[in-house]
Each structure stands twice: as C-alpha cells, then as structure tokens.
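User: I should like to study this protein chain step by step. Please explain each term as it arises.
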Amino acid sequence: MPVAAAPIISSVQKLVLYETRARYFLVGSNHAETKYRVLKIDRTEPKDLVIIDDRHVYTPQEVRELLGRLDLGNRTKMGQKGSSGFFRAVSAFGVVGFVRFLEGYYIVLITKRRKMADIGGHAIYKIEDTNMIYIPNDSVRITHPDEARYLRIFQNVDLSSNFYFSYSYDLSHSLQYNLTVLRMPLEMLKSETTQTRSESFDIFEDEGLITQGGSGVFGICGEPYMKYVWNGELLDIIKTTVHRDWLLYIIHGFCGQSKLLIYGRPVYVTLIARRSSKFAGTRFLKRGANCEGDVANEVETEQILCDASVMSFTAGSYSSYVQVRGSVPLYWSQDISTMMPKPPITLDQADPFAHVAALHFDQMLQRFGSPIIILNLVKEREKRKHERILSEELVAAVTYLNQFLPPEHTIIYIPWDMAKYTKSKLCNVLDRLNVIAENVVKKTGFFVNRPDSYCSILRPDEKWNDLGGCVIPTGRLQTGVLRTNCVDCLDRTNTAQFMVGKCALAYQLYSLGLIDKPNLQFDTDAVRLFEELYEDHGDTLSLQYGGSQLVHRVKTYRKIAPWTQHSKDIMQTLSRYYSNAFSDADRQDSINLFLGVFHPTEGKPHLWELPTDFYLHHKNTMRLLPTRRRDFMPKTVGIDPSPFTVRKPDETGKSVLGNKSNREEAVLQRKTAASAPPPPSEEAVSSSSDDDSGTDREEEGSVSQRSTPVKMTDTGDSAKVTENVVQPMKEVYGINLFDGISEEDLSIYSRFVQLGQSQHQQDKSSQQLCSRCPDGVIKLTPISAFSQDNIYEVQPPRVDRKSTEIFQAHIQASEGIMQPLGKEDSFVYREYIRNRYL
C-alpha cells in the first residue's frame with residue numbers, strides 16, 4: 001500500500017461556503033489561516049456534480065481579492081452595496097462527502113466538532129453537528145416525489161453520534177501500522193516530502209513544527225483502510241478530482257481517553273473502536289457473514305498507552321494492543337417475525353468447505369498475521385440446541401481450515417461456556433478469563449516503540465521472557481490477534497475483552513517502566529479508570545448494534561453489582577427488545593443508503609419496496625441461490641436426506657413438508673426478516689432456553705436445526721408419525737403419468753417421427769447416413785443429432801446451396817482469397833456511392 005509522509009497537519013481544517021446563483025465557492029484554510037485552497041461547485045447542472053479544483057495555494061490577500069471580485073461581479077446594480085448575489089452560506093470544519101438520490105447532489109459539511117483525544121500531538125475529533133446543503137439552483141431543480149423520503153432515511157444516520165476524524169492521524173489503521181511507516185530514515189522522509197511538494201504544493205510548509213531533535217513532526221497521509229471508513233462512498237466521486245487535503249475520512253465506533261498520574265508522570269490511556277462498514281447493520285438483521293467474508297458487528301478495538309511527558313511520535317514512548325470482536329463467520333440468521341426475545345438460530349446455507357470462514361480468516365491473517373486466536377463464549381450445553389449450533393459449525397470450519405495451514409500458523413480455537421460458569425457458585429468467571437488473557441497476550445505480544453526498559457533487567461519477571469510477538473531493535477510488534485465472539489458480541493464479549501485488555505495494560509505499563517511487575521489488581525484507581533473506559537466502549541457499541549446499553553457488565557460477572565443494577569438490566573433488556581422489534585428495520589435502511597449499499601435509481605424498486613436486503617450485501621448471489629439441499633431432491637424422501645440410505649417401502653411416502661398452509665405461513669414469516677436469505681419452505685424448529693445446566697443429558701425430542709421437523713406424538717414408550725400425507729404426483733413432478741396422452745402430445749410425437757424419416761444427402765466426412773441397394777432405392781436409417789442415449793431421434797437441418805456458397809466465401813476471404821464482384825454487388829456499390837457523395 002503506497003504511503004507518503006507529510007507535515008503534521010495535512011488537511012484543510014477551516015472552511016467557508018460562499019453562494020451565488022451559478023456556483024458554490026468552498027474556501028478552505030489551515031488552522032492558522034495562512035494558506036488557502038478554493039473549490040468551485042457548479043449549480044447549473046440538475047443531476048451531475050461538477051467540481052473544479054484549480055490546485056492553487058492562495059495567500060490571505062489573494063483570497064480577499066478573489067472574494068471581492070466575486071462580490072462585485074454578482075451585484076444586481078453596479079456600485080450599489082447590499083444587493084449582491086454573493087453571500088456567505090455556512091462555516092464548517094470538514095467535508096463528509098457528496099450524495100445524490102433521485103434529484104441533484106447534496107454536500108454534507110461538519111459544522112461542529114469536539115476534541116476527544118490527543119495521540120502524539122494529533123487531535124482526534126468527534127462530529128457534533130452537520131449540515132446537508134442541496135447544490136443545484138432552484139431554477140434548474142427537477143423535483144421527484146420520493147426525494148424527501150430518501151432524504152429522511154439518509155439523515156436517520158445520526159452523524160453526531162460516535163463518528164470521529166483526525167486531520168493528521170490515520171484512524172483507520174492501528175498505531176503499530178502508523179508508526180512503522182515513520183521508521184524510515186529522516187533523510188528519506190525529507191526527500192519524499194520534497195518530491196511531494198513538487199507535484200502538489202503543500203500549503204502548510206510555513207507551519208513546520210519543530211521537535212527537540214530539530215526535525216519536522218510528521219503525520220501520515222496514506223491510503224486508509226477502507227473497511228473501517230464510513231464515508232468512503234460519499235467521497236468516491238471527488239477522490240480523483242480534488243487535492244487530497246480536502247479528503248477527510250471518518251470512522252464510526254468509539255473513542256475515549258483517560259489520564260493517569262503515576263508518581264508525577266502523566267500517562268494517557270486511549271481506547272479506539274473501529275466498526276466495520278462492510279456487512280454493517282443492526283442486531284437481528286445482520287448476523288453471520290456475507291459471501292465475501294465480512295461479518296456482522298465486526299469491531300477492531302485498540303488500546304493506546306503513551307507517556308504524555310513527551311508528546312511526539314519520534315521522541316515519545318507509545319504502546320498499543322489490538323483485539324477484534326465479530327459475529328460467528330457462518331451463514332446463519334434469526335427470524336424476528338416470531339416476536340420472541342431469542343428467536344431460533346437457523347443455518348441458512350451448507351458450507352462444507354468453510355468457504356466464507358476461509359475468506360474471513362484470510363482477511364485477518366493479511367492484516368494481523370498469525371496466530372489468529374478465537375475465543376468462543378457461546379453456550380456449549382443446552383437442553384435444546386440454540387447457541388450450540390454455532391459452536392459445532394465453527395469447530396468444524398476451523399478444523400477443516402487448519403489442514404491447509406502450517407502447524408506454526410494454525411488458527412487457535414478456545415471454547416469457553418461463559419454463561420455456564422457464571423451460574424456456577426464454585427467458579428470465578430474473571431479468574432478463568434484472566435488465565436485465558438495471560439495465554440493470549442503471551443502468544444500475540446503487543447506493540448511498543450521503545451526497546452525494553454531497564455525495569456525488565458532490574459526487576460526481571462518470569463512472564464516477560466515468555467512473551468510472544470516480534471522483538472525488533474526499536475521495540476516490539478504485535479503479531480496475530482484475539483478474536484472474541486458470543487452470539488451478539490455485546491455483553492459477554494465486552495467483559496472478556498476488558499480482561500484481556502487489563503492483562504495487556506499491565507504489560508504495557510511494565511514495558512514503559514511505570515510499574516515493577518506486569519500485574520494489575522482490581523479495585524485500584526488504574527483498573528477502575530480502565531474499567532469505566534471499557535464500559536463506555538461497550539455501552540456505545542451495544543447501542544449502535546443492539547439498540548440498548550450493556551445488560552451484563554464487569555460488576556455483574558464479579559457478582560458485586562448492587563441490587564438496583566438488576567432493575568436497570570431488566571429495563572435495558574426491554575429497551576433492546578423494543579429496538580430490535582420496531583426500529584431496527586428503519587435503521588438498517590438508513591445504513592444501507594448511507595454506506596452506498598443501495599443506490600436509488602429511476603425506474604427500479606425503491607429501498608422501502610425491497611422484501612429483503614440479502615442481495616445487496618451478498619454480491620455473488622448466483623452461488624448462493626441453492627440454499628437448501630432439498631431443492632435438488634424429490635419432496636417425498638424420509639427424514640434422512642442421504643440418497644444412499646436404505647429405505648423401507650413404507651417410508652418413501654412420508655411427507656416432511658406438512659400441509660400447504662404451513663408452508664405458506666413459513667414463507668410469510670420469512671419475508672418479514674429484512675436481511676434473511678430467500679424464504680425456505682421448511683420450518684425451523686428451535687426453542688431458546690435460558691437454562692444452562694451443566695449436564696450433558698438432552699431431551700429425547702429435541703430436533704436439530706439442520707433436520708426437517710416431523711410432528712411426533714408420544715403414545716406410551718414409542719413415538720409415531722402423525723402426518724403421513726402422500727403428495728400427489730401432479731404436485732411433485734408437475735404432471736400426472738396416470739392420465740391419458742393428449743392429442744397435442746401425440747401430434748408433437750408424430751412430427752418428430754416424420755422428421756427422422758425425411759430424405760437427406762450423404763455427407764462423406766461424417767457418419768454414414770444411408771445405404772443404396774442395387775436397384776437404386778434409398779434405405780433410410782433413422783439417426784440422431786443428440787447423444788446415443790437420447791429418446792428423440794431427429795435429422796440435422798438441411799442447408800441450401802446459396803448459404804453454403806456464402807459460408808465458403810467467408811472462409812476463403814479469411815485466408816486472403818477474395819471472390820470477384822458480381823453484377824448485383826457492383827450495382828449496389830454504385831448506388832451507395834451515388835447516394836453518399838453525389
């Protein structure tokens with residue numbers, strides 16, 4: 001990925017939008033307002049976006065002169081003040097992007113911002129307010145009745161809620177990635193910056209901030225990681241036409257920073273969560289993965305520790321640790337039409353070769369390296385299969401994929417039934433999580449930009465020598481990542497990530513020489529502050545995906561939560577249920593429109609008219625069409641769908657689909673789920689159970705999600721099938737073979753017979769078609785143009801002589817042998833010349 005280094009503030013920070021009847025003028029400057037750039041946006045085009053960037057760097061005096069000329073040229077009467085058609089429209093701090101629905105384009109501007117964190121002198125801002133302005137002039141506007149509805153759907157994505165940006169720091173990448181770029185020698189950085197200025201003059205050269213070493217402080221101006229960029233589609237139309245200083249990429253998720261004072265040394269603890277913009281959506285409407293390996297609710301969480309006494313990337317001390325959460329990478333969903341708090345989990349498509357899981361883990365290996373560690377917190381033992389369905393499929397997928405990985409790079413799978421241990425009075429959940437966290441951090445290591453401090457030599461610790469990762473002369477690198485998931489990736493996942501982060505924080509503080517042992521105890525100020533940071537992080541992500549704050553927190557699993565917390569948990573559960581049932585569909589439509597997953601097009605169905613958004617998120621839909629094995633089989637097979645199962649004669653007529661009304665009801669219910677795949681014809685029978693007993697015993701009547709349900713009735717010690725309806729042949733095959741042959745079918749059959757007995761000429765280069773008797777009579781032998789085992793015998797079509805001559809002439813022309821023109825050809829050519837030129 002090409003990455004260039006540039007001075008610290010490499011983006012336009014202050015903007016003013018000026019308006020005339022024909023154009024918008026967007027004037028942008030640096031923070032000190034010493035250098036300016038200007039964008040000219042045409043307003044006379046009703047649907048197209050015309051933007052002109054002259055790429056000239058203006059001084060304050062040149063900008064004042066330019067604005068004065070524009071004001072003078074747009075006055076209604078020369079020499080008259082106060083009647084100018086040129087005026088200031090709005091002030092802003094950045095451009096979110098441009099969007100069009102069914103009319104013209106809109107421009108989205110950041111009008112309010114708030115500083116949330118500081119990393120090495122690079123400020124991270126949160127969007128507080130935005131302004132959406134329609135570009136075309138009213139005189140050329142072509143109105144559309146559905147434009148206002150699309151505008152409301154788009155604005156339903158609240159940009160003032162947890163969207164973040166930075167003018168000089170790449171928020172889409174980790175600190176390890178960003179600082180690795182700056183490991184190049186300083187002379188190389190200077191030469192690259194000089195080359196960059198020759199092509200696109202840097203408007204901030206006079207603002208070179210000087211560090212202690214006398215060198216400029218550099219920011220990162222490379223290509224962002226688009227998976228975590230949320231306005232990439234909005235900026236795509238101007239990406240190649242404007243200077244890169246105008247492009248401001250925003251992320252969605254969480255950003256928080258806390259300050260510690262450790263014996264007089266200020267330390268900043270920053271937590272950044274990046275939500276994936278791929279396969280994004282709400283809780284029940286986005287589950288599992290799409291066909292490209294992107295999973296629902298995928299969030300990359302990074303904790304950054306820095307010694308604030310020296311705020312510089314080149315001279316300061318920085319450390320970071322990254323972990324990931326995300327839905328189970330399988331094709332699965334939950335049908336919300338049942339109005340149940342925990343709808344049954346359904347595996348939508350068989351994936352025997354773990355294709356979607358392979359794509360997902362391939363992305364992770366490319367970004368983080370190995371080892372990839374999976375911490376699966378879903379329930380392992382249930383009276384009826386619910387969450388365990390996902391565990392069984394994930395284990396099978398990981399086992400299959402590990403066959404193709406070298407032993408030292410295999411995917412590590414850690415299953416742990418967190419809900420079961422929570423209910424046990426003999427087990428401490430957080431102690432067990434702490435053991436897992438120690439093993440994980442030892443395998444992956446963490447990032448620090450300084451060599452090991454003398455603390456590890458003066459006060460050596462046995463755990464330090466076993467630490468994994470990659471040790472380099474300038475510090476340490478994290479290799480691999482922990483991927484944590486439960487069903488929703490909210491409550492259990494956040495607590496597990498907190499425990500892993502707490503363990504990593506101890507190693508980070510130890511590596512910077514701030515503590516003498518890589519251990520942190522609960523109920524200390526440092527851990528209490530870190531816990532509050534992680535709870536804010538969990539509440540924010542839970543609101544974005546589930547519609548409510550966390551239900552179970554760290555205090556819940558420590559069993560020290562006050563009694564009032566239980567009533568709050570009940571309210572959060574009800575709030576989450578209400579959001580999932582009534583408001584998530586509208587939120588999903590807004591996300592699809594904002595991210596460009598759906599583009600409004602005239603003459604095509606509108607967003608609110610689509611029965612499902614399944615095909616919007618699964619691009620390769622042709623491969624996903626056969627979602628059920630029974631689509632390729634007769635409808636009258638028994639319970640076991642294998643074609644090699646020995647069946648008794650009385651088993652072939654057992655119906656597995658039930659009556660027609662049940663099938664129609666299942667289809668109707670499936671259509672209410674916005675993101676589920678095409679409706680299956682079989683009902684999924686699965687009941688959710690909150691009972692997590694530790695026994696392996698399961699109910700005898702429990703039905704697997706992968707099997708087709710059959711009604712059972714208990715009569716004594718045996719169970720028999722109550723539904724033995726034999727489907728008629730007409731319903732299964734489309735015809736009834738017992739009916740008589742119609743006259744139309746007889747006429748078609750006679751036509752085939754006559755065609756097979758028609759006369760034809762002998763072709764020497766092909767199969768012998770006929771043989772002559774001595775008396776000259778031709779004996780016809782019926783032949784077939786199809787294969788030998790075909791039931792139809794037909795004669796290949798005859799070709800007349802003229803067509804054969806034309807074909808041979810084409811063949812000869814391709815070999816350079818041209819035929820002389822005939823009289824008719826010469827006449828046609830003369831007529832063409834006369835009509836064309838005379």
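User: How many helices and strands are there in the chain?

Analyst: This is a predicted model, in which local features need pLDDT of at least 70, side-chain atom pairs count only at pLDDT 80 or more, and totals for chains, interfaces and linings use all residues. Residues are numbered from 1 along each chain as its sequence is written, and side-chain values use heavy atoms, with hydrogens and water left out. Helices (H or I, at least four residues) and strands (E, at least two) are DSSP runs, numbered from the N terminus. The chain has 22 helices and 27 strands.

User: What percentage of the 838 residues is buried?

Analyst: A residue counts as buried under 20% relative accessible area, as exposed over 50%, and as partly exposed in between (1.4 Å probe, protein chains only). For the 838 residues of the chain, the buried share is 47%.

User: Which element gives the largest share of the largest nonpolar core?

Analyst: A nonpolar core is a set of buried Ala, Val, Leu, Ile, Met, Phe, Trp, Tyr and Cys residues joined through side-chain atoms within 4.5 Å. The largest one has 52 residues, of which Leu433, Val441 and Leu509 touch the most other members. Elements that give two or more residues to this core include helix H9 (429–444) and helix H12 (491–511). The largest share, 11 residues, comes from H12.

User: Which strands are the edges of the open sheet S5-S4-S3-S2-S6?

Analyst: Two strands pair if DSSP finds at least two bridges between them. In this open sheet of 5 strands, the pairing is antiparallel. Two of them pair on one side only, and these edge strands are S5 (51–53) and S6 (87–92).
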